[in-house]
Amino acid sequence: MVSEECRLLTNEPIAPDHHVMTLATSQIAKLARPGQFVHLRIPGTYDPLLRRPISVMLAERAHGHLQLVVRVAGRGTEIIAKTAAGSLLELLGPLGTPFPLPGEGGLTGEGDVLLVAGGVGVAPLVFLADALREFDPPAYVRGLFGAANEDMLVCWTEFAARCDEFYVTTEDGSAGEQGLITEALAGQLERGQARVVYACGPVGMMAQVAGMCREVHVPCYCSLEQRMGCGVGACLSCAVQAAGGGYVRVCKDGPIFAAERLDWEAIAGEQQ
Ligand SMILES: Cc1cc2nc3c(=O)[nH]c(=O)nc-3n(C[C@H](O)[C@H](O)[C@H](O)COP(=O)(O)OP(=O)(O)OC[C@H]3O[C@@H](n4cnc5c(N)ncnc54)[C@H](O)[C@@H]3O)c2cc1C
Ligand code: FES
């Protein structure tokens, strides 16, 4: 983990309240692995006081470029999204645990890899799909992307370009199949060819994905979002309930968790 002042190279609005930002880093892009995040602050201001966690969407190691997608959710992300190209941002990272890749962390076996994204949760899965393309032997990747409507399918071209098969659902039917992405996942799991599922999106979606994978005995890894303070394991403000009792810290023990490690009912209940 390093702390860097990084130049914001581009800041492109891509949908209502969503921006894609490219930053020049000297080390973070080289160190980052899919699933990790940066803790981001505008230097010289203490408004807002705390940093904000944002997943790495792509890391171009050769040039040290880091790409992020920022959804305006409140004051902090609004300030970040309004930062002009050319400004400096203070990044701490890469932080947190990466997704275990097939072959790592006891993740063995044959079959396809399923990536399930909800809304801005697509960000870490674009990076993961990128890493899986370079995997030896190559993984066959099926990408599933769900959002409220077509506008909210942010960065879908970046995601689709890195998947062998790609499926879309929207709640209003403005793109892809009308419905929820979990309905599409049910059909994909019925094919019986999945070796692992990786998911990132709203907690309700991930709780359902976790339950569906458990039923068919397919390993599942989720990227969890939680309000953070320090981002490095010291303050416990990001603690969530673990399965079987106790707590885990999203910033340090996660944000990537094997689905069975978490008490989904408690976590989803708390975030409602
Ligand atoms: C590991 C990680 C990766 C993330 N990656 C991205 C990303 O790639 N792109 C992106 O746009 N956002 C991402 N987020 C979410 C982002 O950090 C929050 O939206 C942001 O911190 C909100 O800050 P704010 O000051 O804008 O809003 P606040 O004013 O702090 O909050 C606005 C509203 O959002 C709720 N909220 C705040 N933080 C969270 C949270 N973490 N989870 C759920 N609800 C929250 C608050 O309760 C409030 O209702 C990530 C979060 C984590 C933990
Ligand atoms: S944010 Fe401080 S322990 Fe996780």
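Which residues in helix 5 meet which residues in helix 6? I opened the predicted model with that question in mind.

**Entry 1: the two helices**

I found helix 5 at residues 181–190 and helix 6 at residues 203–215. From helix 5, I listed I181, T182, L185, A186 and L189. They meet M205, Q208, V209, M212 and C213 in helix 6. Next I sorted the residues of this contact by class. Eight are nonpolar and two are polar. None is charged.

**Entry 2: how the helices cross**

Two packed helices are described by the angle between their axes and the distance between the axes. I looked up both for this pair. The axes of helix 5 and helix 6 come within 10 Å. They cross at roughly 15°. Angles under 35 degrees count as roughly parallel. Helix 5 and helix 6 are therefore roughly parallel to each other. I also checked the hand of the crossing: helix 5 passes helix 6 in a right-handed one.

**Entry 3: the sheet of seven strands**

I then turned to an open sheet. Its seven strands have the order 11-10-9-8-12-13-16. The pairing in this sheet is mixed. Which strands are at the edges? I noted strand 11 (177–178) and strand 16 (256–258), each pairing on one side only.

I looked more closely at strand 11. It runs parallel to strand 10 (residues 165–170), and two bridges join them. T169 stands opposite E177 in strand 11.

**Entry 4: helices on the sheet**

I went back to the helices. Helix 5 lies across strand 8 (112–118), strand 9 (141–147), strand 10, strand 11 and strand 12 (194–200). With strand 9, helix 5 makes an angle of about 155°. Helix 6 packs on the sheet too. I saw that helix 6 touches strand 8, strand 12 and strand 13 (220–223). The direction of helix 6 makes about 165° with that of strand 12.

**Entry 5: strands 2, 5 and 6**

Last, I looked at strand 6 (residues 65–71) and its pairing. Strand 2 (residues 18–24) pairs with strand 6 in the antiparallel sense, over seven bridges. M21 has L68 in strand 6 as its bridge partner.

Strand 5 (residues 58–60) also pairs with strand 6 in the antiparallel sense. I counted three bridges there. For E60, the bridge partner in strand 6 is H65.

How many residues lie between strand 5 and strand 6 in their hairpin? There are four. I checked the turn as well: G64 has a positive phi of about 75°.

Definitions and conventions. Residues numbered from 1 in each chain as written. Chains lettered and ligands numbered in written order. Predicted model: local features only at pLDDT ≥ 70, side-chain atom pairs only at ≥ 80, totals over all residues. Heavy atoms only, no water. Axes fitted to C-alpha atoms, helices over the stretch in contact; angles between N-to-C directions. Parallel < 35°, antiparallel > 145°, perpendicular 65-115°, else oblique. Left-handed = near helix turned anticlockwise from the far one by under 90°. Contact = heavy atoms within 4.5 Å. Nonpolar A, V, L, I, M, F, W, Y, C, P; charged D, E, K, R; others polar. Pairing = 2+ DSSP bridges.
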